[in-house]
Amino acid sequence: MLEKLAAGAKITSYCTKCRLNLDHTIVAMDGEVIVKVKCNTCGGSHKFRDPADVKKPRAPRKTVDAAKTAETLWETCLAEAKGKERVYDMAGKYRVGDIVVHNTFGKGVVRKVYFNKCDMLFRDRERLMAAAG
């Protein structure tokens, strides 16, 4: 025989604060439907969530290793670069394809040129660097 539920009865629900299926006390009902419950563990009130309906956490997506991708792109750009190789200077003017040797980041290739800036691709990642306009 089915148990008749009423306000004040105990029921298992998914707690949104604890993020677990825990014992709750029914606070409000709309006819036969449980509307609001109170967690017996943390005391938080929220609408009733059936433990069977709670979604399981998704597994994280597989990501492409960004460092490997940047390094492969760097090697390709370095092989295709036709500009002259020189030491990085903030006051220097650069063109797309120039090879730049930076004292911290190492060897890089100029990919894009903006007003007073340029994108340089180094072994680990692309960086926005200062340059003469």
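Modeller: Two strands count as paired if DSSP finds at least two bridges between them. With that rule in mind, we may read this model, which is predicted.

Biologist: Which strands does a hairpin of 3 residues join to β9?

Modeller: Strands of a sheet pair through backbone hydrogen bonds, in either the parallel or the antiparallel sense. Here, a hairpin of 3 residues links β8 to β9. These two strands are antiparallel and share 5 bridges. Within this pairing, D119 has L128 of β9 as its bridge partner.

Biologist: In what order do the strands of the open sheet stand?

Modeller: The open sheet has 5 strands, in the order β5-β6-β7-β8-β9, and its pairing is mixed. Because β5 and β9 are at the edges with a single partner strand each, one side of each has no neighbour in the sheet. On average, neighbouring strands are turned by 40 degrees against each other, direction ignored.

Biologist: Where in the sheet do the parallel and antiparallel senses appear?

Modeller: The parallel sense appears between β5 (residues 85-87) and β6 (residues 99-102), which pair over 3 bridges. In that pairing, E85 stands opposite I99 of β6. The antiparallel sense appears between β6 and β7 (residues 106-114), joined by 4 bridges. V101 has K107 in β7 as its bridge partner, and a hairpin of 3 residues leads from β6 to β7.

Biologist: Which residues of β9 lie on the covered face, and which on the uncovered one?

Modeller: In a regular strand, side chains alternate between the two faces of the sheet. In β9 (residues 126-130), R127 and M129 form the covered face, whereas E126, L128 and A130 form the uncovered one.

Biologist: Which residues make up the largest nonpolar core?

Modeller: In soluble globular proteins, nonpolar side chains tend to be buried together. The largest nonpolar core in this model has 9 residues: Y88, Y94, V100, V110, C118, M120, F122, M129 and A131. Strand β8 (residues 117-122) supplies the largest share of this core, 3 residues. Apart from this core lies another, of 6 residues, including W74, A81, I99 and V109.

Biologist: What does Y94 touch, leaving aside residues up to four places away in sequence?

Modeller: Y94 is in contact with R86, V87, Y88, D89, V100, V110, V113, C118, M120 and A131. Y88, V100, V110, C118, M120 and A131 are also members of the largest nonpolar core, as is Y94.

Biologist: How many disulfides does the distance rule give?

Modeller: A disulfide is a covalent bond between the sulfur atoms of two cysteines. The cut-off needed here is 2.5 Å between the sulfur atoms. By this rule the count is 0. C39 is in no disulfide, and the nearest cysteine sulfur, that of C42, lies 3.8 Å away. C42 is likewise in no disulfide, its nearest cysteine sulfur being that of C18 at 3.7 Å.

Biologist: Are C39 and C42 buried, partly exposed or exposed?

Modeller: Buried means a relative accessible area under 20%, and exposed means over 50%. C39 has 3% and is therefore buried. C42, at 34% relative accessibility, counts as partly exposed.

Biologist: Where is K55 found, and is this residue buried or exposed?

Modeller: K55 is in the loop between β4 (45-47) and α1 (66-80). Because its relative accessible area is 76%, K55 is classed as exposed.

Biologist: How far apart are K55 and T72 in sequence and in space?

Modeller: K55 and T72 are separated by 17 residues in sequence and by 39 Å in space, from C-alpha to C-alpha.

Note on methods: Residues are numbered from 1 along each chain as its sequence is written. This is a predicted model: local features need pLDDT of at least 70, side-chain atom pairs count only at pLDDT 80 or more; totals for chains, interfaces and linings use all residues. Side-chain values use heavy atoms; hydrogens and water are left out. Buried means under 20% relative accessible area, exposed over 50%, partly exposed in between (1.4 Å probe, protein chains only). A nonpolar core is a set of buried Ala, Val, Leu, Ile, Met, Phe, Trp, Tyr and Cys residues joined through side-chain atoms within 4.5 Å. Contact means heavy atoms within 4.5 Å. Axes are lines fitted to C-alpha atoms, for helices over the stretch in contact, and angles run from 0 to 180 degrees between N-to-C directions.
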